Amino acid sequence: MSSLTDHIAAVVRFYVDGFKSMTVGRSLWLLIIIKLFIIFAILKLFFFPDKLGSDYDSDAERAEAVRNALIINKQTTD
Amino acid sequence: MNDLLGVVDWSRAQFALTAMYHWLFVPLTIGLSVIVAIMESIYVRTGDPKWKGITKFWMTLFGINFACGVATGIILEFEFGTNWSNYSWFVGDIFGAPLAIEGIVAFFMEATFVAVMFFGWNKVSRRFHLTATWLTAIGVSLSALWILVANAWMQNPVGMIFDPEQMRNVMDNFTEVAFNSVAMNKFFHAVFSGWVLAAVFVVGVSSWLLWRRRNVDTARKSLKIASWFGLVGMVMTMWTGDGSAVEVARVQPMKLAAMEGLYDGNVGQSLVAVGFVNPDKKPGDDLEAIKGEISIPYGLSILANHDPDTFVPGINDIIEGRTITAGGDTVYGDSYADRIAMGKAAREALSRYAAAKSAGDTAAMEQAKADVMANFRYFGYGYLDKPEEAVPPVALTFYSFRVMVMAGGYLMLLFIVLLFVCYRRTAVLEKPWLHWLGIISIPVVWICSQAGWIVAEVGRQPWVIQDLMPTRAAISDVTTGSVQLTFWIFAVLFTLLLAAEISIMLRYISRASKKNIEQPE
Ligand code: HEM
């Protein structure tokens with residue numbers, strides 16, 4: 001058991017030391033964190049709902065919604 | 001209807017913006033990871049610490065690009081779910097589990113091996129480190145596999161069966177989906193074009209070092225490796241590009257006709273080397289299609305089928321379903337008018353299926369399902385009113401194809417000249433014209449690569465899935481305003497990110513170039 005914790009500690013140390021000794025990396029990590037925040041916390045949450053996932057409860061309802069959309073809503077001028 | 005077109009156009013513009021932006025980073029990640037692995041292999045084989053320095057220099061540039069590009073692709077998936085929900089549902093398995101598994105595997109592979117690459121220099125053995133670098137390179141290419149397979153399926157929907165009950169395409173032959181020749185050509189063409197792009201990037205940065213007379217040795221060594229790598233990449237890109245053209249001729253003849261601005265095809269069809277698309281030309285009229293044409297005899301027949309006597313149909317032929325057999329007979333297959341009739345029959349049958357389902361009439365459901373399936377291969381034509389709507393934007397496809405191929409030809413020459421100079425005329429390596437040639441080739445290769453995607457994606461319009469679903473049917477019930485808003489958010493966000501990437505890269509190159517790259521601290 002202790003050898004497992006040793007391994008985990010070594011892996012954590014590997015990453016922590018790596019991050020600490022970075023030079024260009026610091027601004028990169030900042031950039032990545034800001035980017036991920038914008039993508040997931042702002043864009044995904046407020047602007048990109050999963051339409052079918054959130055509007056319907058079951059796959060059968062989703063299938064029906066798509067069927068109706070493809071039969072009726074997108075009818076062209078015919 | 002107008003609002004529908006507005007939503008479709010804005011959603012397409014948004015998707016194009018996101019995809020093109022994503023594709024600024026991806027090919028560089030694909031190619032540079034292999035170049036770095038090659039450099040590190042030289043270091044491990046020779047034990048020469050100078051190569052360690054060179055590897056670290058390019059690896060840092062790889063890291064900057066990786067960091068800026070990572071997760072930009074996820075936005076495309078958001079767009080599928082929000083703007084293109086009909087499409088996302090309809091494609092079923094293709095965009096489901098395999099893409100998610102690939103994402104997770106790629107994430108863990110990259111998080112592990114990229115970390116060893118960057119943090120492990122003095123902590124793991126040389127061989128272990130090298131293995132991690134190669135596994136990163138392989139992982140990066142593999143993580144592009146399924147999305148390219150999915151894209152290929154949209155161009156050539158095989159290996160799936162449509163189920164009107166689930167309203168999805170259900171995979172019935174994995175091998176056919178994953179390993180059909182359209183998918184394979186697409187995957188390798190995209191990956192090798194990434195090699196070419198990264199090679200040109202290394203050539204360009206090395207040329208800048210030579211121009212500034214900084215780290216000249218590093219620049220020369222890098223230039224040599226990049227030129228070999230680029231040449232191999234280019235030969236493979238051309239080979240797979242040729243394979244792609246044959247596949248396009250087979251499964252998307254309308255795209256090939258648009259790539260060539262060809263309206264009336266011939267046996268022994270020539271290929272337009274130089275020419276301008278007549279913007280007034282419409283299918284079925286008598287106007288000249290290409291102005292100022294200089295053509296290569298038999299070129300298109302050879303490109304399309306590796307046979308100078310092949311008949312290549314033009315837009316008018318395809319609309320009328322006309323082809324000329326190897327024996328010289330003119331035969332007629334399904335015209336676009338027939339296809340539209342079949343598409344409308346399929347939609348009408350789907351409507352009957354829905355009605356029978358709500359009435360609980362299983363016999364009528366079975367009959368309706370059989371009618372849907374009998375006409376399903378042209379389902380998407382049911383949304384068109386006239387055959388001309390199935391013609392893609394000819395000019396954009398035509399010019400993009402020429403940009404890709406001509407830039408490819410130029411870059412091939414560039415690599416050959418550079419290799420000649422590196423081995424036979426090293427004095428030329430000091431000439432500023434050569435440095436500038438290297439530097440200006442950087443934007444050329446990016447334009448070339450983007451042009452490739454324009455050919456593939458604009459050339460297949462109006463289809464989002466070839467013959468089965470036009471873009472206008474794929475769209476969700478969203479408002480134009482909301483798509484416009486997110487379009488502009490993306491435009492600003494991407495511009496800022498790109499500016500950040502370029503400035504971090506330039507600052508790093510400038511700072512590193514002032515020290516001895518071959519003697520890292
Ligand atoms: C010089 C000969 C070339 C030929 C004959 C060629 C041919 C093609 C064809 C036919 C397509 C469309 C495939 C489809 O619609 O499914 C394509 C796409 C593409 N090409 Fe090329 N190409 C060439 C060179 C290049 C070069 C030099 C690059 C970049 C460095 C490049 C990058 C791309 C990309 C990124 C795509 C989109 C992905 C794909 O569909 O494979 N191509 N090419």
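1. The shell around the ligand draws its largest share, eight residues, from H10(B). The model is a predicted one, and the points below should be read with that in mind. By chemical class, the shell residues divide into 11 nonpolar, eight polar and three charged.

2. As to location, the ligand sits in the second largest pocket. Two or more residues of the surrounding shell are given by each of these elements of chain B: helix H9 (181-211), helix H10 (216-251), H11, helix H16 (394-424) and helix H17 (432-458).

3. The shell comprises 22 residues, of which Lys186(B), His189(B), Lys255(B), Met404(B) and Ala456(B) come nearest to the ligand. Three of these residues merit separate mention for their polar side-chain atoms. In Lys186(B), such an atom lies 2.5 Å from an oxygen atom of the ligand. In Lys255(B), the separation between a polar side-chain atom and a ligand oxygen atom is 2.4 Å. For His189(B), the partner is a nitrogen atom of the ligand, placed 2.8 Å from an N or O atom in the side chain.

4. Helix H11 of chain B, residues 253-260, is mostly covered, with seven of its eight residues buried. Lys255(B) is one of the buried residues of H11(B), and Lys255(B) is also one of the residues that come nearest to the ligand. The other buried positions of H11(B) are Met254(B), Leu256(B), Ala257(B), Ala258(B), Met259(B) and Glu260(B). Just after H11(B), Gly261(B) adopts a positive phi of about 60°.

5. Is Gly243(B), a residue of helix H10 of chain B, buried or exposed? Its relative accessible area is 14%, so Gly243(B) is classed as buried, the limit being under 20%. Along the chain, 228 residues separate Gly243(B) from Phe15(B), and the C-alpha atoms of these two residues are 27 Å apart.

6. Ser441(B) belongs to helix H17 of chain B. Ser441(B) counts as buried because its relative accessibility is 0%. Which residues does Ser441(B) contact, leaving aside its neighbours within four places in sequence? The contacts are with Val200(B), Tyr410(B), Leu411(B) and Leu414(B).

7. Two further helices of chain B deserve comment for their burial. Helix H3 (residues 74-83) has eight of its 10 residues buried and is therefore largely enclosed by the rest of the structure. The buried set in H3(B) consists of Ile75(B), Leu76(B), Phe78(B), Glu79(B), Phe80(B), Gly81(B), Thr82(B) and Asn83(B).

8. Helix H7 of chain B (residues 145-155) is likewise mostly covered, nine of its 11 residues being buried. Among the buried residues of H7(B) are Trp146(B) and Trp153(B). The rest of the buried set is Leu148(B), Val149(B), Ala150(B), Asn151(B), Ala152(B), Met154(B) and Gln155(B).

9. Turning to chain A, its secondary structure comes to four helices and zero strands. In sequence order, chain A follows the pattern α-α-α-α. Of the 78 residues in chain A, 29% are buried.

Definitions and conventions
Residues are numbered from 1 along each chain as its sequence is written. Chains are lettered from A and ligands numbered from 1 in the order in which they are written. This is a predicted model: local features need pLDDT of at least 70, side-chain atom pairs count only at pLDDT 80 or more; totals for chains, interfaces and linings use all residues. Side-chain values use heavy atoms; hydrogens and water are left out. Buried means under 20% relative accessible area, exposed over 50%, partly exposed in between (1.4 Å probe, protein chains only). A residue is near a molecule or strand if one of its heavy atoms lies within 4 Å of it. A polar contact is a pair of N or O atoms within 3.5 Å; within protein, one must be able to donate a hydrogen and the other to accept it, and residues adjacent in sequence count only if both atoms are side-chain atoms. On a 1 Å grid over the protein atoms alone, a cavity is a set of points where a 1.4 Å probe fits but cannot get out, and a pocket is an open set with protein on both sides within 12 Å along at least five of seven lines; lining residues have an atom within 4 Å of a point. A molecule sits in a cavity or pocket if more than half of its atoms lie within 2 Å of its grid points. Ala, Val, Leu, Ile, Met, Phe, Trp, Tyr, Cys and Pro count as nonpolar, Asp, Glu, Lys and Arg as charged, and the others, Gly among them, as polar. Contact means heavy atoms within 4.5 Å.
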